[in-house]
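Me: Could you take a close look at one small sheet in this model and walk me through how its strands sit together? I'd also like to hear what packs against the sheet.

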Amino acid sequence: MTQYDLPKAYDFKSTEPRIYEMWEKGGYFKPSNDPQRADFDPAKKPFVISIPPPNVTGELHLGHAMFVSMEDLMIRYHRMKGIPALWLPGSDHAGIATQLQVEKDLLRVEEVTREELGREKFIQRAWTWKVKYHSIIGNQIRRLGASCDWERERFTLDDGLSRAVREAFVRLYEKGLIYRGPRLVNWSPGLKTAVSDLEVEYSEEDVTLYYFKYMLKPSEGSEPSEGYIPVATIRPETILGDTAVAVHPEDERYKKYIGRKVIVPRLGREILVIADDYVSREFGTGALKVTPGHDPNDYAIAQRHNLPILSVLDEAARVTASGGPYQGQDRFECRKNLWADMAAAGLVIKTEPYRTTIPRSERGGEIVEPMISTQWFVKIAPLAEAALAAVKDGRIRIVPERFEKIYYNWLDNIKDWCISRQLWWGHRIPVWYCAECGKETCARQDPLKCAHCDSARIEQDPDVLDTWFSSGLWPFSTLGWPDETPDYKYFYPTAIMETGYDILFFWVARMIMMGLEFTGQIPFHTIYLHGLIRDENGQKMSKSKGNVIDPLPVMDDFGTDALRFTLLVGSTPGNDVNMDIKKVEANRNFANKMWNVGRFVIAALTSLADSGQWTVDGGSKTVNGEGAVYGQPSTVWTLADSWIWARLQALIREVERLFQTFQYGEAGRQIYDFFWSEFADWYVEVAKLQMQGAESREQTIVTLARVQDMCLRLLHPFTPFVTEELWGHLRTATRNLAQSAVEGSQLATLAQDWPDALIIAPWPEPREAEGWEEDKIADFTLVQDIVRAIRNARAEKKVSPAKRIPATIAGGAKTDLLKEQSNVIAALAGLDYSLLSILDSLPAKPKNSIALVIGAVEIHLPLAGMVDESVERERLTRELAEVESHVARLEKLLSSDFADKAPAPVVAKEREKLSAFKETAEKLKGQFKR
C-alpha cells in the first residue's frame, strides 16, 4: 500500500470552504425523500426546521451563530438517522430595522431623507440594500456550516410569500378579525410609526418626580384661594392633556373633593376629580393626574369613566394645538418651559429623584410615547385561545417546560395586535379607500375600482404590515401556502421551532396562532428555546459596553468548529451562555487533538498493510497474502480493547438519551470527555504497546479504526468540518487497505458500506449491554487508578518523566489481572518492567519506599533518598482521615431509612462502596505498623 500521510497540522482555513463546497455540490443538503423527485415515498415522515429568518441588515452576531449551530446539529443528527431532513433557509425584510439602515445610508452618502427621495425611489434603494446584504448574510450562515437546502430559500417579500400575506390579511378581514380605528398605541417619534408592545424595551432609569398643585375650582360663593390637590408626575408635559384627577374612593385625604373640579395649569381648562380603585394611595401624593391620550393605564380609567381623550403630542412628539401656548415645542422642551411657568405661577411644590422603568424603542432607542392613533388591529383573543389549547393539551411541547407558564400568562392577558406600521418598506396593507363613497375595499388582487360604488377614485392605504405578521406565516408560507404544493403537503407541519426564548411572544406564539387559523394544524410539535449569549462575566453584550464579540474574526482565528462546539457544549435549554474566547481557543485545541489521533490511526492502518499480516477465521490465525501462517494464534480482545468498546457503547446509549431529551450540551461534553480522556489519553497509548505484538496488532488497529469512526460520527453534528475531513481520510485509507487485505479479515469489510461522505453516514445505533462490560470496565479502571496514583506520586517527588523506577505491588484478589496488565502498567506509569514485582501479598513493607493504596491493592515505590518519613506519615494520615469519613457517612446512610426505602440495587451498591472503603482503611492502617 502506498504511504498515506495526513498533514501534521489541521488547516481549517483551507478545509472549511472546500468541504462546504463538496457538501453543497453533492446535494447532501437536500432531503433524502423529496416530493420533487420521481422516487418520492409519501409514507416516510420527514424532520423539518424552518430557519428563524435573519434580518437583511448584513450583520452576523453571536445570536445567529448560536441558532445556526443548534439547528444544524439537529438537522445533521436526523439526516444521519436516515430521516428525510429539510432545513429551509430564508431571510426577513425586517421593516423597521432595514428601513432605518437604508435611511441612515441615504443621509450619510447622499444627505437626503426618505421623504425627499420619495416612496418609489426609496423602495428601490431598499431592494438594492436587500440584494447586497442578503448575499452577505447567506454567505455568513454558510460559513457557520449550515446544511440548509439553499434551493428552497425564501424571502418574506418574495412573490410567493407576499401572496400568502395578502391571503392571510383578506381572510382575517373577511372573518371580522381585522379592524381599523383610533386606539392607544406605542409611538416611536423618531421612526414616526406605531410599534408593538413587544418592540418596547423597559429599562430602570433615574428620573425626576415633579410635585405640583392642581388648584381646586372655587365652590359657589367661596374664596378663589380655597385650596389644591397635590399631584406628582414624571412627565409634566402631559399635564396639557389631562382630563381628570383621580383619587382612591377610600382615601380620607381626598374624599371631600370627589365630584369637584380642578384647573389645568396654564390652560385654564376645568376637569373633574373622580374616584377609582386603580389609584395607589402610597405613590406620590395619592392623587393621580389622568392623561388618557398618553398613558395606557389612564386610557383604561377614561374608558371606565367616559372621560374625553386629548392628544397633545403629534407624530414627532411636538405639542399640538391642544397644548395652547406650547404648540410646536418638542416634548422635552415643553417639559422645561411648562415647569418654569408653573413655578412662576406658584404651582410648584417640589422635585425629587425617582427610579422607574422607562419604555424605549427596541430599534431606535428613544423613549416611546403612548399615543392615540388610527391603526389596523387583529382581534387576537380567538386566535390566542386556540394557541393556548395547543400547548395545554400537549400537541405542542415547549423546551424547557418552565416557559409554558410564561406563554400561558401572556396569551391569557393578550391585547389586540396593532399590525399597521407607518413605513414604506414592507407588505403594503391591501385596503383601498374610495373618494366617492368613503368605503374601503379589501382585495386579494389590486382593484381598479371601488367594490361598493364602482368609482375609479380609490387609493391604497399607505401603511405596511408589522414584520411579525408575515413572519407568523413562515412555517407554511415558505412551503407554498395557500396552494397545496407538494412541499406543503409533505413537509408541513414542521418538526421543531428552535429559537431564542426572547422571541417566544414576538414570533413563536404568533406562528402557532397563524398556523392553527390558516392551516388547521400546529406549525411544529416542539419549541426549543436557547438562551442569550452573554460575555464571560455574564453581562449582556452591547456596543456601548464594548463587550460585543464578532463571530467572524473568532472563526478566522480558531475555526468554525471551535466556535460551534463552544456554543453548543456551553448551552442548556433556556439558559444564557457566557461566551469566553479562551473556551473557543481550547476547543480549537480539541480539533487539533482529533486531527492528531486521526493521523495516528491512519498511520497504523498503513503500517498494517505494509506488514502483510492478517487475521482470519474470527481471529484464529495470522496469514499473509499467500496463506502462510505466522507466529502464534491471534488472541481474543485485550482488556483495553474490551474496555474502550464497552465505554464507547455506553457513550452511544447515553448520547442518544441526551439527544432525545434535548440535552445537546451535555451530550457534547460527554463525547469530548470520552474522545480526549479515554480514547486519546488511554486507549491510544495502550494501542501503541499492543501494536508491537503480532498476535494483537490487527485487532488493535481494527479497534482504533472502529472507535475513531464512531467518534467522528458522534462529533459530526457539533464539529462538521474537521470530522468530515478526517472521516474522508479514514475511509480512503481503510478502503485502500481493504484492497490488499486477505479475504475474511476484519479490515477487508470494515468500510465497505461507508457512504461517500460523513454527512450522510448512519448515526451510531445504541446496543443493549451484553453483560460482560461491567467487569471489564472495573478491571481497566483499576489499572487506570494504579497508573494515576504512581504518576501523582512521581510528580509530587519530582521524579523525571524519563526515569524508569522499580515498584512492588501486592495485588490480593487482583494479582492475576495485574500480572496480565503488567506491561501496560509499567509503560504508562514509567516503571522499570524488569524491576516490577507483582505479588499476592507482602509480609513486610519495603524499606525507604512510598506506599500507595488503591482499594485492596498496595503499591510500594522504593524512591531511595526521595522519601521523607514524616511527610509520608502525614500523607497517609490525611488519606486515612478521608477514607474514614466516607466509612462514617455510608454507615450512617445505611443505618437510616434509606436502606429500607431505596431500591435494592442502589442499597447493594452503597454497601459495596462501604466494604471497599473499609478495606482501604485497613490497608492504610497497616502502613503505619510497618
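Reply: Valine 247 stands opposite alanine 275 in β11, and that pairing is a good way into the sheet. This is a predicted model, in which local features need pLDDT of at least 70 and side-chain atom pairs count only at pLDDT 80 or more, while totals for chains, interfaces and linings use all residues. Residues are numbered from 1 along each chain as its sequence is written, and side-chain values use heavy atoms, with hydrogens and water left out.

Helices (H or I, at least four residues) and strands (E, at least two) are DSSP runs, numbered from the N terminus. Two strands pair if DSSP finds at least two bridges between them. Strand β9 covers residues 244–247, and 4 bridges join β9 to β11 (residues 270–275), the two running parallel. Another 4 bridges join β9 to β12 (residues 287–290), and here the strands run antiparallel.

Alanine 246 shows both partners nicely: this residue stands opposite isoleucine 274 in β11 and opposite leucine 288 in β12.

Step back, and 4 strands form an open sheet in the order β10-β11-β9-β12, with mixed pairing. The edges belong to β10 (261–263) and β12, each with a single partner strand, so one side of each has no neighbour in the sheet. On average, neighbouring strands of this sheet are turned by 30 degrees against each other, direction ignored. Axes here are lines fitted to C-alpha atoms, for helices over the stretch in contact, and angles run from 0 to 180 degrees between N-to-C directions.

What about the faces of β9: are its residues buried or exposed? Ala244 and Ala246 on one side, and Val245 and Val247 on the other, are all buried, which leaves both faces of β9 covered. Buried means under 20% relative accessible area, exposed over 50%, and partly exposed in between (1.4 Å probe, protein chains only). In a regular strand the side chains alternate between the two faces of the sheet.

As for what packs on the sheet, helix α7 (residues 296–305) lies across β11 and β12 and runs at about 85 degrees to β12. Contact, for this purpose, means heavy atoms within 4.5 Å.
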